[in-house]
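The following exercises treat one protein chain, with a worked solution after each task. Please examine the sequence and the structure before reading on.

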Amino acid sequence: MLSRLASQRLIEVRQAFRLSSQGYRSFSTALNYHIDGPDNNPDLPWEFSEANKAKVKGILSHYPSNYKQSAVIPLLDLAQQQHGGWLPVSAMNAVAKVVGAAPIRVYEVATFYSMFNRSKVGKYHLLVCGTTPCMICGSREIEGALLKHLGVERNEVTKDGLFSVGEMECMGCCVNAPMIAVADYTNGSEGYMYNYYEDVTTQRVVEIVEMLRKGEKPPVGTQNPKRIMSGPEGGNTTLLSDPKPPPCRDLDAC
């Protein structure tokens, strides 16, 4: 009975994701298993470029020869950069071959970390912080504004291949919430970078998108002109001078 229900549920899930692969990829990075497609299957050849082969050697040199599997994460990251921001299964197989591991060991890593994209993303992958402080400050509205402006669903790529929208958990600057990160894959692995934009509004994120579309570089960091980095609007109101030393200790004598 239970096995029959489980089998039926698996069939339903597979059917749903076959439909999603035909147009709606909003959940394509959410599952921890792989479904073959014309642009993502183990029969497609994949190998590191000549330039990246040298980087592979450099990465492996950081680990003892009998611990090459420790290099899986940086090698997957390099493969993702080379492949335009996402990891096909053939790239994971290539990494497994480099480190001498069973492919499943590499799949386990790639499916665990959300930074690895297992479906196509845009040249600019817009990641909205979804952690509690950003949600309280309007991150869902930020995401909604991006999706509406671009005319896509989450993790779906725009027709021109430039943009996609995803979610990232905690970017580490809660005091400047809400914020987004932009993974820039326009120059491949040579110029790959993350840029962070803080104190964003629904209007400002659309402006950032249009600046990127024109090839411009929006200023990173806080988008609030009244703030300097993480400082309060209007400047500091406390800690305006050096703190007084404790009366029981002569700091100058230290």
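**Exercise 1.** In which strand is the place of C129?

*Solution.* The model is predicted: local features need pLDDT of at least 70, side-chain atom pairs count only at pLDDT 80 or more, and totals for chains, interfaces and linings use all residues. Residues are numbered from 1 along each chain as its sequence is written, and side-chain values use heavy atoms, leaving out hydrogens and water.

Step 1. Helices (H or I, at least four residues) and strands (E, at least two) are DSSP runs, numbered from the N terminus.

Step 2. C129 lies in strand β1.

**Exercise 2.** Describe the burial and the pairing of β1.

*Solution.* Step 1. Buried means under 20% relative accessible area, exposed over 50%, and partly exposed in between (1.4 Å probe, protein chains only). Six of the six residues of β1 are buried.

Step 2. Y124, L126 and V128 point one way from the strand, while H125, L127 and C129 point the other way.

Step 3. Strands pair if DSSP finds at least two bridges between them. β1 and β2 run parallel and are joined by six bridges; L126 has V165 of β2 as its bridge partner. β1 and β3 run antiparallel, with five bridges, and Y124 is partnered by D184 of β3.

**Exercise 3.** Compare the surroundings of C129 and C170, two of the annotated positions.

*Solution.* Step 1. An unreviewed UniProt entry places the feature "binding site" at C129, C134, C170 and C174. Although these positions are spread over 46 residues of sequence, they cluster in space, with a largest C-alpha distance of 9.6 Å. Such annotations may be inferred rather than shown by experiment.

Step 2. C129 counts as buried because its relative accessibility is 4%. C170, in the loop between β2 and β3, is partly exposed at 40%.

Step 3. Contact means heavy atoms within 4.5 Å. Leaving aside neighbours within four places in sequence, C129 contacts C134, S139, M168, C170, M171 and M179, whereas C170 contacts C129 and T131.

**Exercise 4.** Determine how the buried residues of α9 are arranged.

*Solution.* Step 1. Helix α9 covers residues 202–213. R204, V205, I208, V209 and L212 are its buried residues.

Step 2. Seen down the axis, these residues fall within an arc of 145°, so they line one face of the helix. The arc is that of the directions from the helix axis to the C-beta atoms.

Step 3. The buried residues pack against β1, α7, β2, β3 and β4.

Technical notes
The expected span of a helix is 1.5 Å times one less than its number of residues.
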